[in-house]
Amino acid sequence: MNKRLMPRFYLGQLDLLVQLTEEASELSKAAAKMVRVIRGVNPTPVKYDDALAALLEEVADVQVVLGEVLNMDDWESVAVLRPEKLSRWISRLEEAHAAKD
């Protein structure tokens, strides 16, 4: 890939982190909008398909920026952490579910 086509060629680490913060915030808002659409308790004029499209767009934006912020070693660390995080989450869900029974 042409190095000039990479945002990190033009932006420093701090600017990339600011961009990540912005995109993560937009992803959070899109996820909250999906909750409103799915629940239907707090009405919104946004339709499901539009909310989903917005969510997917924000996921892509976050992934693009993460690709610029993280290096290969960072991604390897994430790959190691991911199963641990998933396992812990499942354990908490199992505990909460068992407590209801």
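## A tour of the predicted model

Begin by selecting Arg8 and Glu68, whose side chains meet in a salt bridge with an N to O distance of 3.9 Å. The pair ties together distant parts of the chain, since Arg8 belongs to the segment before α1 (13-39) while Glu68 sits in helix α2 (residues 48-69), and the two are 60 residues apart. Keep in mind throughout that this is a predicted model. With the surface displayed, the two partners can be compared: Arg8 has a relative accessible area of 39% and is therefore partly exposed, whereas Glu68, at 13%, falls under the 20% limit and so counts as buried. There is no second pair of this kind to look for, as the count comes to one salt bridge.

Next, select helices α1 and α2 together and turn the view until both axes can be followed. Which two values describe such a packing? For two packed helices, they are the angle between the axes and the distance between the axes. Here α1 and α2 pack at about 160 degrees, and their axes are 9 Å apart. Because that angle is over 145 degrees, α1 runs roughly antiparallel to α2. The crossing of α1 and α2 is left-handed.

From this helix pair, pick out one residue on each member. On helix α1, select Ala31, which is partly exposed because its relative accessible area is 32%. Drawing a distance from the C-alpha atom of Ala31 to that of Asp101 gives 30 Å, for two residues that lie 70 residues apart along the chain. On helix α2, select Val59, which has a relative accessibility of 31% and so counts as partly exposed as well. A C-alpha to C-alpha line from Val59 to Ala96 spans 29 Å, with their positions 37 residues apart in sequence.

Now move to helix α3 (residues 72-100) and select Trp89, which is found there. Is Trp89 buried or exposed? At 55% relative accessibility, Trp89 lies over the 50% limit and therefore counts as exposed. Extend the selection to Leu86, Ile90 and Leu93, and show the surface of these residues with that of Trp89: the four make a nonpolar surface patch of about 410 Å².

To close the tour, return to the starting pair with the helices still shown, so that Glu68 can be seen in helix α2 and Arg8 in the segment before α1. In general, side chains of opposite charge can pair when their charged atoms come close. In this model, the pairing is the salt bridge between Arg8 and Glu68.

Methods
Residues numbered from 1 in each chain as written. Predicted model: local features only at pLDDT ≥ 70, side-chain atom pairs only at ≥ 80, totals over all residues. Heavy atoms only, no water. Patch = residues over 30% accessible without salt bridge, like charges linked within 9 Å, V, L, I, M, F, W, Y side chains within 5 Å. Areas by Shrake-Rupley, 256 points an atom, 1.4 Å probe, with all protein chains shown as cover. Helix = DSSP H or I, 4+ residues; strand = E, 2+ residues; numbered from the N terminus. Buried < 20%, exposed > 50% of the residue type's maximum accessible area, 1.4 Å probe, protein only. Axes fitted to C-alpha atoms, helices over the stretch in contact; angles between N-to-C directions. Parallel < 35°, antiparallel > 145°, perpendicular 65-115°, else oblique. Left-handed = near helix turned anticlockwise from the far one by under 90°.
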